[in-house]
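I opened the notebook to record what I looked up in this model, entry by entry.

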Amino acid sequence: MCLQNQVMEATTKLNIVEIILDAVKDGLDKHFGVAVNADEITWNITRKEFEGDFTIVTFPYTRSAKKSPEQIGDILGRHLQETEPYVKSYNVVKGFLNIVVADNFWHRFLMQARTAENYGYLPPNGEKVMIEFSSPNTNKPLHLGHIRNILLGWSSSRILEAAGYDVTRVQIVNDRGIAICKSMLAWEKFGKGQTPDSTGIKSDHFVGDYYVLFEQKFQEEYKAWQQSPEGLAHYEAQGKTAESAEAFFKAYKNDYFNNHSALGAEAKGLLLKWEAGDADTVALWKKMNEWVYEGFDTTYEQLGVQFDKLYFESETYLLGKDIIQRGLDQGVFFRKEDNSVWIDLEDAKLDQKLVLRSDGTSVYMTQDIGTARLRYDDFKVDRMVYVVADEQNYHFKVLFEILKRLGEPYAEGLFHLSYGMVDLPTGKMKSREGTVVDADDLIEEVVGEARGNSAERGALEDLSKEEREAIIRKIGLAALKFFIIKVHPRKRMVFDPKESVDMQGQTGPYIQNAFVRIQSVLRKAALTDLSLAEKHITLEGAEKDLISMIYDFPAQIKAAAGEYDPSVIANYCYDLAKSYHKFYHDYPILKAPTQEASAFRLVLSGMIAKVLQTGMDLLGIEMPERM
RNA sequence: GGUUCCGUAGCUCAGCUGGAUAGAGCAACUGACUUCUAAUCAGUAGGUCUCAGGUUCGAAUCCUGACGGAAUCACCA
């Protein structure tokens, strides 16, 4: 309660934008007889090259007010100055009304904001949201693509919390199916009883190695078959028309796996045995999945993410059939002659979509419908966010439309946080070509780079090895995470490993460095009487600009949450750090002209550090005290 | 082919509810550490915002079309 009050104090009571917009609204009405809502008024934070804090655009009112933009600006400006004590002055440039807010407003705002706990956080809004992310297959370790997913999911979840939502983090673990059966089969055939412990290999990589081994053996088998009379006969019969043999056999791979391959038959046999609940198969499946989870847990811990609940596909893959039946009864779905069940979404510019096969078994969509319902039953959430790559855009459009037509209570709160694939400078990642960047390797690489840089700088030499390593880890991970999160989710991004370990310029460590500089100054100023800050009334432009940026923080959180876009926060933190670095360079803090100014700058710096820490925390990035 | 998304400096990206002279970082060059952590700061150079129309007082931003790239359009998951 106390917390909430403080948040309200800081974010609502001193709302200068609201004050200004209300006054502009009054002015328009009083002087021009123009009626507008305060929230339709176009305003901006004044650009650096002009004097002022906020800018009102007057062009939209020229017609109804029958005055020139300059005249409108002038009259409105005077109105504001006369009626609002916090408006100190104004100037009009080409129809842009630049408003200068009085220093005492900024001063008062800062003094109030610094006492708020979790400044920037919005009050609880009573809504529950579930966010699904990561959701890997259990046959191989996590890679760079998962990292983007995990970072987006985690940071979005933190931002939603900051925006007042009650957040539940989940993932659906794809723990069943043919993929894990391949790993199982390869281990059974070629593993000689080895284990992660006996080999010293990280356990998810251990399982992944057998998946790769399966693919190798399968390819060998396939190659041999292609040369065999049977394979050649198939090419003659089906493929020879236009394609080269190479193209034919590439396209024919799945067919071969399903209809001719001995290894394929064995893997499929395992899947059938698993589905039948065969005790040995299930035991093996459990053992290998446990290995994978153990490895995943380590990676998640490295990345600093947690989940509230895991859903396992092995427990959900049969769900949804009852809902399909209900939908049939409601007339949402229809049954074809062959007994398959469909939905017609053509009036929503989507196609017809199968939701139950003719043999009555379910498809991916069926399972997703059932899982959504299960989650709602579990948590009664108002919203569900799915962090899934953009290759599944169509799938989610269809899923959401179906859920809407079924009248599911959460259907209006569904959101697909779609993100673009991660490319390498050399092109797409391809597992077949071995260009997939492994998550654990990548983390080690950035941390290693941070270690090298740190050793060169030598600023941490008086610390114990453990303390030093903890800091280095924070720096390396900040570089990696920020590099990925700063890009808008929707966009495909190019991941250059060389740039991802950069620690200068627009990077995570650059922001950490701003924080570290502040901590250092604060340590040296431990004895300063900060209450003197109250008396530092006249502000430097740079000081005011920094306060203005602090002021903007809650709006940034709101925007990031509203758009499910963590890059908003990343870019905000960078801008704030950049402004602070410049301030730090240009103005002495400990040796400011007066004690009051010094105290004020310490308070200001402390508040900047707090906002940077809060903002970066929303991205899952930790701040070191030193670096 | 249909649908959706992307196209901004050599490279990686901001800006997109329409607003002032389109911004950062990297790379290149120049300068600033006896002074609060130089993982910093300042400066130089770098642009037909893919192209063509349209709407508007005003378009990188909205609309239409073209071009280039990506994804998707399975009784696969």
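Entry 1, cavity. I searched for enclosed space and noted 1 cavity of 30 Å³ or more, a cavity being, on a 1 Å grid over the protein atoms alone, a set of points where a 1.4 Å probe fits but cannot get out. The volume of the largest cavity is about 30 Å³, where grid points are joined across faces, edges and corners and the volume is the space filled by probe spheres set on the points. I listed Val17, Ile20, Leu21, Trp43, Phe54 and Ile56 as its lining, lining residues being those with an atom within 4 Å of a point. The lining of the largest cavity holds 6 nonpolar residues, with no polar and no charged ones; here Ala, Val, Leu, Ile, Met, Phe, Trp, Tyr, Cys and Pro count as nonpolar, Asp, Glu, Lys and Arg as charged, and the others, Gly among them, as polar. Both α2 (16-32) and β2 supply at least two residues of this lining, and α2 gives the most, with 3 residues; helices (H or I, at least four residues) and strands (E, at least two) are DSSP runs, numbered from the N terminus.

Entry 2, conventions. I noted that this is a predicted model, in which local features need pLDDT of at least 70 and side-chain atom pairs count only at pLDDT 80 or more, while totals for chains, interfaces and linings use all residues. Residues are numbered from 1 along each chain as its sequence is written, chains are lettered from A and ligands numbered from 1 in the order in which they are written, and side-chain values use heavy atoms, with hydrogens and water left out.

Entry 3, RNA strand B. I found 62 residues around RNA strand B, the closest being Phe96, Asp338, Arg457, Arg517 and Ser520, where near means that a heavy atom of the residue lies within 4 Å of the strand. Of the atoms of RNA strand B that come within 4 Å of the protein, sugar and phosphate account for 65%. Turning to polar contacts (pairs of N or O atoms within 3.5 Å), I recorded a phosphate oxygen of the strand 2.8 Å from a side-chain N or O atom of Arg357, and another entry places a polar side-chain atom of Lys491 2.9 Å from a phosphate oxygen. For Glu313, a side-chain N or O atom is 3.3 Å from a sugar or linking oxygen of RNA strand B. The elements giving two or more residues to this surface include β4 (96-101), α18 (393-405) and α24 (567-586), while α22 gives the most, with 8 residues.

Note on methods. Polar contact = N/O pair within 3.5 Å; in protein donor to acceptor, adjacent residues only side chain to side chain. 1 Å grid on protein atoms, 1.4 Å probe; cavity = no way out; pocket = protein on both sides within 12 Å on 5 of 7 lines; lining within 4 Å.
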